[in-house]
Amino acid sequence: MPAPLTPEDVRLAVRAVVVHTAEEWPTGPLCRNDGASYPCRLHRWGRRVLETHGLNERQIEALIRHGNPFVHVPFPFTATGPSPARPVGSRPATTGYQAPAGRTGGLPARQQAARVVPPGVRATAAGRPVTPPVTGPRWPRAS
């Protein structure tokens, strides 16, 4: 029986799969990192660990396309839905708390969106003068 996976194993497997990707050469695909024939030993190990961890082929390919060897994969990985400790629809109790008036669900009430001003036109506020744009340089030209 193999040893159980640790978070460090998963982290290193993601890094191995992303760093040791295929690169096309005239002789065929080679590992981008070490030049061995693709898939190299570390890429195969990384895929095996990620599959054992619960990722499917599509998710592993998405990690490779993402290209970040330091991307976080949750441990333990749950592919479908929330953890059993918190069932769907359960929320923390909010006894005695009332949302302030004008707020819906604890969020501010939606208001009309701000008006977009076309480029080159400055929005003015009442009582505040707007200086005209500078037509010439403020300092002498270097020669």
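What covers the buried residues of helix 3? I looked that up before anything else, and the cover includes helix 1 and helix 2. Note to self: this is a predicted model.

**Entry: overall layout**

I listed the elements and got three helices and four strands in the chain. Read along the sequence, they run α-β-β-α-α-β-β. I then checked burial: of the 143 residues in the chain, 16% are buried. The accessible surface came out at about 12200 Å², and carbon and sulfur atoms account for 57% of that. For contacts I took pairs at least 6 apart in sequence; 42% of these join residues at least 24 apart.

**Entry: helix 3**

Back to the helix I opened with. I found I60, L63 and I64 buried in helix 3. Around the axis they cover an arc of only 95 degrees, so they sit on the same side of helix 3. On the face turned away from that buried side I noted the exposed residues R58, R65 and H66.

**Entry: helix 2**

Helix 2 covers residues 41-53, which is 13 residues. I took its span from first C-alpha to last and got 18 Å, close to the 18 Å expected at 1.5 Å a residue. Its buried residues are H43, G46, R47, V49, L50 and H53. Do they line one face or not? Looking down the axis, I see them within an arc of 165 degrees, so they do line one face of helix 2. The face turned away from the buried side has R41 and T52 as exposed residues. I also looked up the cover over the buried residues of helix 2: it includes helix 1 (7-19) and helix 3 (57-66). Just after the helix comes G54, and I noted its positive phi, near 115 degrees.

**Entry: the nonpolar core**

Which residues make up the largest nonpolar core? I got twelve: V10, A13, V14, V17, V18, V49, L50, L55, I60, L63, I64 and V73. Helix 1, helix 2 and helix 3 each put in at least two residues. Helix 1 has the largest share, with five. I picked V49 for a closer look and skipped its neighbours within four places in sequence; what is left in contact with V49 is L5, D9, V10 and A13.

**Entry: P39**

I went to the loop between strand 2 (28-31) and helix 2, where P39 sits. Its relative accessibility is 32%, so P39 counts as partly exposed. I also checked P39 against T21: the two are 18 residues apart in sequence, and their C-alpha atoms are 7.6 Å apart in space.

**Entry: cysteines**

How many disulfides does a search of the whole structure find? I got zero. I still wanted to know about C31, so I looked for the closest cysteine sulfur, which is in C40 at 3.6 Å, too far for a bond. The cut-off I used for a disulfide is 2.5 Å between the sulfur atoms. From the other end, C40 is in no disulfide either, with the sulfur of C31 as its nearest cysteine sulfur. Are these two cysteines buried or exposed? C31 has a relative accessible area of 3%, so I put it down as buried. C40, at 4% relative accessibility, also counts as buried.

Technical notes:
Residues numbered from 1 in each chain as written. Predicted model: local features only at pLDDT ≥ 70, side-chain atom pairs only at ≥ 80, totals over all residues. Heavy atoms only, no water. Expected span 1.5 Å × (residues − 1). Buried < 20%, exposed > 50% of the residue type's maximum accessible area, 1.4 Å probe, protein only. Arc of directions from axis to C-beta. Contact = heavy atoms within 4.5 Å. Core = buried A, V, L, I, M, F, W, Y, C linked by side-chain atoms within 4.5 Å. Areas by Shrake-Rupley, 256 points an atom, 1.4 Å probe, with all protein chains shown as cover.
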